Structure formats: C-alpha cells, structure tokens
Amino acid sequence: MTLLLSLGIALALFFALGLIARTLMHAIAPAHQKPMFRDMPLTASFGIAIIAAYVIVATLAPFIAPFGEGEVVGDQYLPWAAPHFLGTDKLGRDMLTRLIYGARNTVGIAFATTALAFLVGSILGIWAALIGGKLDQWMSRFVDALMAIPALIFSLLLLTIFGTSVLTLILVIAAVDATRVYRLARSVAQGIVVMDYIEAARLRGEGTWRLIRREILPNAMAPLVAEFGLRFCFVFLAISALSFLGLGIKPPTADWGSMVRENATLITFGDITPLLPAGAIALLTVAVNFVVDWQLHRASGLKE
Amino acid sequence: MEKHPLLIIKDLRIEGRSGDQWHPIVKGVDLTLNRGEVLGLIGESGAGKSTLGLAAMGFARDGCRISGGSIDFDGIDLRATAETERRALRGKRIAYVAQSAAASFNPAHKLIDQYCEAPVVHGVMPRDKAEVDAVDIYRRMRLPNPDDIGFRYPHQVSGGQLQRAMTAMAMSCRPDLIIFDEPTTALDVTTQIEVLAAIRAVVRQFGTAAIYITHDLAVVAQMADRIKVLLRGAEIEESDTRNMLATPREDYTRSLWAVRSFARAEQPQATGTPVLSVRNVTAGYGAVDVLTDVSFDIHARRTVAVVGESGSGKSTAARVITGLLPPRKGEVIMSGKALPPSFKARSRDDLRQCQMIYQMADTALNPKLRLRELIGRPAEMYLGLTGRALDTRVRDLLSLIELEPATYIDRLPSELSGGQKQRIGIARALAAEPKLIICDEVTSALDQIVQEGILKLLDRLQSELSLAYMFITHDLATVKSIADEVVVMQHGAVVERGSKSTLFAAPQEDYTRLLLSSVPEMDPEWLDNLLAARGEHA
C-alpha cells in the first residue's frame, strides 16, 4: 500500500515537474525556438528540470547546505530528524550537507572529464578522418589497442601509477573515454569528408583547423551530442565506482560513490540512508538520458 | 473510341502531409486512357506527375492520401476495392517501371529470378515457362546475350541494360497498363536511344497501354500518342502529340517549348594566351589510365563544353585541372604559368583563379552554414574582406544571382529550392573573382525551366565579368545553347574538338556523329527516322 502510494506520488511529481518546466521554457524561449519546446515530450522537460536543479544545487552548495562539508555535527548514524533531516554518517557529519556538496564534486568532475574527453576525442577523430592515410591508420590502431583493455582495470592501473588526485582522476578517465569518442567522431567524419562541400573547401585552400571546426564539426554534432549524454553517465558511474573502490575522490571531500561505501553498514539495519547518494546518481543518469533521447529523436528526423 | 476505355480517372485529388497539415498535390485531374494507347505526362518537378502515375495503380505514397475523385481500371473501382484485390492487380495487370532501375532491383538476386517472381506469384505461368518467356522478352528488348543475361546479378549489367531488364520484368505478366516514371532520365543520350527504341517496340508488339512520365519533351514526343501537361497538380492542356507540338494552346506549354530555343551568339574566335591550357595530360586512379593524352585550351569570355557519355573521363579532366588528381604526364597551364600538379602545392591566388560549381548543389553546400558565410568565405579568404565590406559584397553577390539579399542572407541551404541552391553555388564561385569556372553537370539535376534560368544567368555573368567556362555535360541541348567550343571525349581521350558551329554542322568523327544524332528532337518522327537511318527496325 505504501509502495503504491509512493509510486503514485512519484508519478504525479514527474508529470507536474515536466509540465511546469515545459511551460516555463516555452515562455522564455526566443520566438524561432518556441515550436521545439511546444512539441517536446514530458520526459525531456522533466530531464531538463532535474539537470537544472542539480546544476543550481551544485553551484550554490555553500549557501544551501546547512553545515560545513567535512564538519562533524553530532553523533554517528543519527536518525532522520531536525536539524539533521537525513541523519548523520558514520563520522557524525550531516548527510544532507554531504549530498549537496557531493553534487558539486561528482557532477563537476564528471562534466569536466566528459568535456575533456570530447574535446580531445572528437578533434583527433575528425582530424584522422580528414587526413587519412598512414597517420590515420597509426592513430586508429593505437586507439584500438587502448580500447582492447577493459576500461575500469585500465583506469585502476593508471591511477595506481600516477597517484590519486582530482586532476589525475579527470585526466585518466578522460583519456580512457576519449578513445570511444575518437572512434565515433572518426566514423561520422569519414562520411562527411567525402561530400562535395569538403572538397570545395579544400580546393579553396582552407586550413585543417577551419575544416574541422566550421565544415565538419557542425555536421557531426547530432551523434556527438547524443554520445555526450551517454558518455557523461558512464563517466559519472566510473568516478563513483573508483571512489567506491577507494581510488577516486579523496576524503573528506564529499562524493556520492564513496558515501555509499562509507555508510554501507547501515543497509544491514534496514536503513535506506546509504542508498540516497546512489539514488541521486540514478536520477541524474535517467534525466540526462531522457534529454539525450529527445535530441536523438529530433536529429534523426523522426518527428512522430 | 467505341470500346470502353481501360483507365478512367475523374476529378482525382491527392493530398500530402507536412507536419500536421494536409495540402493538395493533385487538384482534380481527369484522365482517360484507351487500350494500347500511350499517354505522356509532362511537367516540372513537383507538378504531381509521379503521384498521378502511382494513383493509376490505386496507390498513394507514404504521407499522401487520395482524398477525392474516382479511379476506374477496366470496370474496377480502385478506390472502393480492398487492398488485397488491388495487390492482385499490381504486377499482373498494371506494372510500374521506376526511374532508377539500379535502385529498383534487389541486388542479391539474379535478374531472371526477379523476372519470374511476378508470373509465379500471380499464378500466370509456372517457373519453367516463365524462364523461357523471360529469354523471349529479353530478346525482344534487344538485350545482348538474351539466353544468359538473366543469370547475371544487377550490378553485372550496365545502366541502360538494367532499365531494359526492368521493362522486360514489367512485361512478364503481359499487363494491360504500364506506368513508366522517367525511365531514361538517368541515362546518357546514346544509351537513352536504345532504351527508348526497345520500350516502344515491346509496347507496340503487345498492344500495352502506357502512361509515360517525363520532363523531357523531345522524349515524350517519340513515345506518346497523346500528351497531358501538368502544372502544380492541375492539368494545363491535353491533346494529340502532333497537335500539341504544332499548336500548343496555353502560354505555359509554349514556355516549356521555348526552353529549347535559348541559344546565345557564338563568341568570336579568341587569340592570345588562353586562360587555361591542358597539355597532353595522362592521369588515372591506381594502375588504370582514365585520361590519355588530353589537350585543350580555354580562352577568356568563352565557354568550352566537354561532352561525352558517362565514364568518358570528363569529370576526371576537371579533377586534374583543379589539382585533386595530379596527372601522371602532361601539365595544366593557367594564364601562361604552369600550375603545380597537386592543389596542395598551389598558391592561394592560383586556387582563386579557378573555381568549381558542382552537379549536386545539395552536397556542394555545407548544410549547417548560412548563406552569409557560404558565399562570404571565399571573399573573406582571398580578398581579405571583413565586417561591413564583406557584408556589402555578399549582398552584391546575392543581387547578382537574382536573389533578394535581405530575404536570403541568413538562410540555410535547406531553406532554398534546388535552382536557388545552384545559384548559391554560382555565387560562391564568383565570390573568389576567378578567371575560370568549371561547371560540372550544373544543370542536369534541375528541370528545364530552372535550367534555362541558370544558363541565362551564367551567360549574363560571363559577359559582365569576362569569365571563361569549362562546361562538363552529357546534355547536348545545353551544349547547343551555351557553348562556343566543344571538346568531345570518349574512353578518356579527346575524339574531336572545334567550334560549336563547325562541329554541329560537320562532325568529322563517327563517335561525334553518333552522339549528335542521339539527341532527341521534337519531331515525333525523329526516332523512326533515326532508327531507319541506322538500319534498325522500330
């Protein structure tokens, strides 16, 4: 009964949030983009609303959070009650505060990593497709070799070699993910470089950088954007997984992955508090995928 | 006619969907076709010819619906009958031949397997009889090796042969009606003749009625007993082929005829240093030579047409000139100066001098750039224009190609029609202020009225800006209207070259004569006379 009720409340929240977000975006969008928002599915507007909420929480963390990030405020494992609405963790830190700061760290690092992976991967991929020949072969076979190593084991190896700091974490995961982006960008660009307009631009004497930036990239955007959304989720999970294994973000920095691990013992007592960070990850992953699906749908021209 | 007509279409209305709205494509057309009669449907692209042709089978494409009127095929109301009954008719009593035979055959099956499918499925004859029948029809279609050709796969025969095999397949159940949808549009002139002659021969032998859809008047004049002219989904006029050609009633029909009559005066023979000089060029891909010892000159203010059937090396010559394909032997000289073989080694000014306009404007314009950047980029790069000067230049160029600058400057290519896109291609070439423009089949993807507009524009620009054109085409009608000099190519070599007037009046080589005599003329007797002259039987 309680389960059904909470399911009902969740669904109602989903529709309400989706509808409000859509109406809001439709109202503030410039005139030529209005039809896009009018026809957008509720899942997409819900996804955008959730992502926006995460971004707001992450940027305004110090102002929203009731306590300090690593501040010990009471006994360990306090139950849900004011002023600790979600209780405390095993060191007596406020759970809600840690969740809010976790958004900043985990989402921020995931975003930086994905952006870096895309910057490197897509530019190199398009470049390889554009140049072709031996260089393309060498680069692509090297990337294939890297991709043959399981991603998690490869990042564990690299992190063990270079040590764990936020910067190395970002660089290592970006390097691993850039190989996947490279392959996608290269195959998309291979279809574009044979078009007449690329030939025309080459004959005009355009440089490589301009060819990549203005002639190829805009035409490869749709699949890359879709991939960005998915890749963002994978990176997110990778960081959480690494933190859970103890090689990710260092304590006392709040991070959703390590928060699950630290408080895992509570699960045996039937308390769901340790699952809240996991839920936060799940919700963001679902939200991002809703938006990506919508964009894919639009790009592929399937309007129905 | 005393007999009941085969097909009666009355007040047919067809609508197409765009977004949430239905808009009319065919607006109340009547059509009557007697047994054994060939009706030609002509009009520009978008006139609703193909939609009407398909409706004669009781079929509407995805996103289209038949919204009104009646289709009566030999006493059967095609709109009222069930889909299963209509399907029983299709292929058996009504057949369809599409424009691209290559796309219509299943590449995974042999020709004869595809031939036998319809007769076997419709229970007309068993498989072994159908195979014998296929060979008989292949022979009537004058396909080479009729006994064996059926056992080849579609990619193993040429485009013209494939189109004939497609027609043979349509004949397999001896239908009462065949709908031909632009069957020869994708073929070059010499192949077109063979296909036209073969189609006409079998249609006459079996007394099959046909609807022949095309935008080429000269072709329809050979094939049809009656012609119906369509414009934007409505009938303009219909009459006997001879009457229609001799005394068209409507202005629109006359304008279709007039397209063929555009011809500019031949420019005087030029002297001095040619803008472009191709000297003894031999070039090819891999080990194969596509061009052997090709030479020709192009002078300022003159148009040199390079003609030949597909595969004759016309476009390869353009690739050598632009530097995309460095030649094995020979050189390309521009204004007296030998150019480096590869475009990568050429200076920016060398690149500027020679611009290219492509056949398919859809793939030649970056779909994500606005016209401002598409046209402005060469001016920005070569002439160093920026800011206000660049904006003014782009607006000037748009006015030059007869597009209103304020309306079009911030549009994307997808917001333009086919003819407008080709104009943008021209403007982009002009923006570099070149001496030579290579036009690679620039008009062959456009219908005739739009073609005429483009040709007139090119002609005007040539005299205003003293440009030289290299005009690559397989359409000799275009050559007649725009060229000063003609270079005839076959199998990668120059067969004959000379000024247009002398070459058209007195061709020296057999191949040139064959090519010239293959261009369809308006005279309905033309195909008969030609075939008689070539010693074949119609």
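A:Arg231 has a relative accessibility of 11%, so this residue counts as buried. I start there since a charged side chain is an easy thing to follow. Before going on, please keep in mind that the model on the screen is predicted.

What does A:Arg231 meet? The side chains of A:Arg231 and A:Asp177 form a salt bridge, with 3.1 Å from N to O. A:Arg231 sits in helix α10, residues 208-244 of chain A, and A:Asp177 sits in helix α8, residues 166-193 of that chain, so the pair ties together parts that lie 54 residues apart in sequence. Is A:Asp177 buried or exposed? A:Asp177 counts as buried because its relative accessibility is 8%, and the cut-off for buried is under 20%. As a general point, side chains of opposite charge can pair when their charged atoms come close.

Now the chain around that pair. Chain A consists of 12 helices and 0 strands. Read from the N terminus, every element is therefore an α, as in the run α-α-α-α-α-α-α-α-α-α-α-α. Along the principal axes, the C-alpha atoms of chain A fill a box of roughly 70 × 50 × 35 Å. Chain A has 304 residues, and 43% of them count as buried. Take the contacts in chain A with a separation of 6 or more: residues 24 or more positions apart account for 68% of these. The accessible surface of chain A is about 15,100 Å², and carbon and sulfur atoms hold 74% of that surface. As for charge, chain A has 22 positive and 19 negative charges, and the mean positions of the two sets are 7 Å apart.

Next, the contact between the chains. How many residues does each chain bring to the contact? Chain B gives 21 residues and chain A gives 15. Together the two chains bury about 1,800 Å², with 53% of that area on carbon and sulfur atoms. On the chain B side, B:Tyr358, B:Thr363 and B:Arg377 lose the most area to chain A, and together they make up 28% of what that side buries.

There are 4 salt bridges between chain B and chain A. One salt bridge joins B:Arg319 to A:Glu199, and their closest N and O atoms are 3.5 Å apart. Another salt bridge joins B:Arg377 to A:Glu206, with 2.7 Å between the closest N and O atoms. B:Arg377 belongs to helix α15 of chain B, residues 371-383, while A:Glu206 is in the loop between α9 (196-204) and α10 of chain A, so this pair joins two chains. B:Arg377 and A:Glu206 are both buried.

For a pair within chain B, look at B:Arg93 and B:Asp74. These two form a salt bridge, and the closest N and O atoms are 2.6 Å apart. The pair links distant parts of the chain, 19 residues apart: B:Arg93 is in the loop between α2 (83-89) and β6 (94-97), and B:Asp74 is in the loop between β4 (64-73) and β5 (76-77). B:Arg93 counts as partly exposed because its relative accessibility is 22%. B:Asp74, at 26% relative accessibility, counts as partly exposed too.

Some salt bridges share partners, and in that way A:Arg204, A:Glu206, A:Arg210, A:Arg214, A:Glu215, B:Glu373, B:Arg377 and B:Glu380 are joined into one network. Over all chains, the whole structure has 48 salt bridges.

I will finish with three places in chain B. First, helix α4, residues 111-121. Its buried residues include B:Leu111, B:Ile112 and B:Tyr115. Against which helices do the buried residues of α4(B) pack? They pack against α5 (127-140), α6 (146-149) and α7 (159-171) of chain B. Just after α4(B), B:Gly123 has a positive phi of about 70°.

Second, B:Ala305, in strand β13, residues 303-307 of chain B. Its relative accessibility is 0%, so B:Ala305 counts as buried. Leaving out residues up to four places away in sequence, B:Ala305 touches several residues, among them B:Phe471, B:Val479 and B:Glu485. From B:Ala305 to B:Thr316 is 11 residues in sequence and 14 Å in space, C-alpha to C-alpha.

Third, B:Ser499, in strand β20, residues 493-499 of chain B. B:Ser499 counts as buried because its relative accessibility is 15%. With residues up to four places away in sequence left out, B:Ser499 touches B:Glu266, B:Asp484 and B:Glu485. B:Glu485 thus appears in the contacts of B:Ser499 and in those of B:Ala305.

How values were computed:
Residues numbered from 1 in each chain as written. Chains lettered and ligands numbered in written order. Predicted model: local features only at pLDDT ≥ 70, side-chain atom pairs only at ≥ 80, totals over all residues. Heavy atoms only, no water. Helix = DSSP H or I, 4+ residues; strand = E, 2+ residues; numbered from the N terminus. Buried < 20%, exposed > 50% of the residue type's maximum accessible area, 1.4 Å probe, protein only. Contact = heavy atoms within 4.5 Å. Areas by Shrake-Rupley, 256 points an atom, 1.4 Å probe, with all protein chains shown as cover. Lys, Arg positive; Asp, Glu negative; His and termini not counted. Charge placed at Lys NZ, Arg CZ, Asp CG, Glu CD. Buried area = accessible area lost by both parts, 1.4 Å probe.
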